[in-house]
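User: Please take a close look at a single part of this model. I should like one connected account of how that part is built.

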Amino acid sequence: MYLTDYEQEMLDGKYGAACAMALKVLVAVGECFGAKRLLEVSRVHVASSNQEADVWFAEKLLKLGGRCLVAPTVNPGFNLSYLSQHLSISKEDAELMKRARRAYRELGAILTLSCTPYLEANVPRFGEILSYSETSVTVYVNSVIGARTNRESVQSSLCAAITGRVPEYGFLLDENRKGTVLVEVEADLKSDFDYQLLGSCTQKIGPGVPVFVGLPQNPSQEALINLGTQLNTTGSYAMFHIPGVTPEAPTLKEAFGGREPERVVTITDEDLQEIHRKISQPPGKIDFAMFGCPHLTFRQLQEVAQLVKGKKLAVEMWLLTSSLNKELARRTGILEVIEEAGGHIVEDTCIDQPCWSHLKGKVGVTDSPKCAYYASMRGMNFVIRDLATCVEAALKGEVS
Amino acid sequence: MKGETIVKCHRISEGKAAGEVLISQDDILFYLTDPESGRVLEKGHSLEGKSVAGKVLVFPAGKGSSSVQVDGLYQLMIRGNAPKAMIIERPDTILVTSAIIMEIPLVDQVDPLFYELIKDGDCVVVDADQEQITIIPKDRSPGQVD
């Protein structure tokens, strides 16, 4: 791979051991994918997770004198100060969370602690070169914004933040951003939730860059977030196109770059119903409700508030969102409405964290198949429904 | 060695390892394995209930959220239950980076002949540095390799 004099000096250790190690990883990734050179990145998002591997690598870079050249935004862990008032958090879990925060702060990260940086705090422009990690983030910035990132790992994006570089391959190059699979959606998508189910049909869609046709006009921001998130929960997709909606697909022809699709796949209502049955627990009594994987938008918080206003929840309800949205909820009275009903709005927090140990073995309701998928490792089971049905279930204590 | 077959591959993460082959038809998310035993927990997965610990793991590709994929492999590694080497068809950044920082040999672009010859339980030597995989006939135990 071609390196500039400056990049070669980085690799040789002139700018410190952390920088050298970070560049070594990027060069190895680049050589594996046939990159000819490195590019400068202007934005980075690191899907830091507060998990041991993450803290291990961040502290390793810090010990080697690491400091981010491009300050990255970072993912949530859990909100220790809020949740320790309501839940029992073990000393070990609290300590690991503190270590993670400390390591990332010292590396120079912007502690946004949100998994939706593309909505606020780290919003790229069309064509911008990025290194973003996180399930829902990479696919959204590529597909919906038209910025360019590969599906980075926590570690590779942190290496990009340290060096300000990224290998030029994959989705940074025009030719790889074209559609390869035509997905004809015959199913009637009635709500944002139906996009979760569509995105879950990855076994049928198969690998490649899907181009979805037959969708309703003007899908909502939440629908697009849901589609991308689910594509990357059960599969691995850096990008999709929707002709007339996403910026690199003004037309079907341009979505495919003038080429023929490698495959044509049809998704029917039966496909959506089948995948829904497969991923959801059967209806019945529930113990809790969990939302915000990825973080709820302000509009979704509004929707929940309207549904619970003046009522009392039968089970505990956790609404995870960004610190900005929590502040906006406070200012607009939504927070008060939800808290009076008995619900919690929690910022800086992810569903996949040890703080939720009290929910082990319990049955929850969620609108997010991603939440259900990952929380299954923590012993939680979920009935999966659209947001409004979930909230009604939380008011009654069961899904009918 | 008589009876051995050597096939070419492409190095992603350096190193050399020998072990028993475990073949997955499905993409793998290491987070959905039990760190204490290496067993795959994911429901309906072609390896459900089988352990990846100490195996040369042959699978199409990685999948899932980046942080959990890396942590899944890390949790296996610190307990000595990670695969000894990995042979994949479609590399992704997450798996590549994980293999490099955790020093697990990883190769791709394997000669199609390899996939015709191997089955679960066969023993292979993955030499990422030399970019080759040696398939050892089944009547020799893995202990005799190296």
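The request concerns chain B as a whole, and the answer ends with a strand of chain A.

User: How many helices and strands are there in chain B, and in what order do the elements run? Please also describe the dimensions, burial and charges of chain B.

Analyst: The model is a predicted one. Chain B contains three helices and eight strands. Read from the N terminus, its elements follow the order β-β-β-β-α-β-α-β-α-β-β. As for overall dimensions, the radius of gyration of chain B is 14 Å, which agrees with the value near 15 Å for a compact globule of 146 residues. Along the principal axes, the C-alpha atoms of chain B occupy a box of roughly 45 × 25 × 25 Å.

Burial and contacts come next. In chain B, 60% of the 146 residues count as buried, that is, under 20% relative accessible area. If one takes the contacts in chain B between residues at least 6 apart in sequence, 70% of them join residues at least 24 apart. The accessible surface of chain B is about 5,900 Å², and carbon and sulfur atoms account for 45% of that surface. Chain B carries 23 negative and 15 positive side chains, with the centres of the two sets 5 Å apart.

In chain A, strand S7 (residues 181-185) is mostly covered, with four of its five residues buried. S7(A) pairs in the parallel sense with strand S8 (residues 210-213) of chain A over four bridges, and Leu182(A) has Val211(A) as its bridge partner in S8(A). S7(A) also runs parallel to strand S9 (residues 263-267) of chain A, to which five bridges join it. In S9(A), Val264(A) stands opposite Leu182(A).

Terms used. Residues numbered from 1 in each chain as written. Chains lettered and ligands numbered in written order. Predicted model: local features only at pLDDT ≥ 70, side-chain atom pairs only at ≥ 80, totals over all residues. Heavy atoms only, no water. Helix = DSSP H or I, 4+ residues; strand = E, 2+ residues; numbered from the N terminus. Rg over C-alpha atoms; globule rule 2.2 N^0.38 Å. Buried < 20%, exposed > 50% of the residue type's maximum accessible area, 1.4 Å probe, protein only. Contact = heavy atoms within 4.5 Å. Areas by Shrake-Rupley, 256 points an atom, 1.4 Å probe, with all protein chains shown as cover. Lys, Arg positive; Asp, Glu negative; His and termini not counted. Charge placed at Lys NZ, Arg CZ, Asp CG, Glu CD. Pairing = 2+ DSSP bridges.
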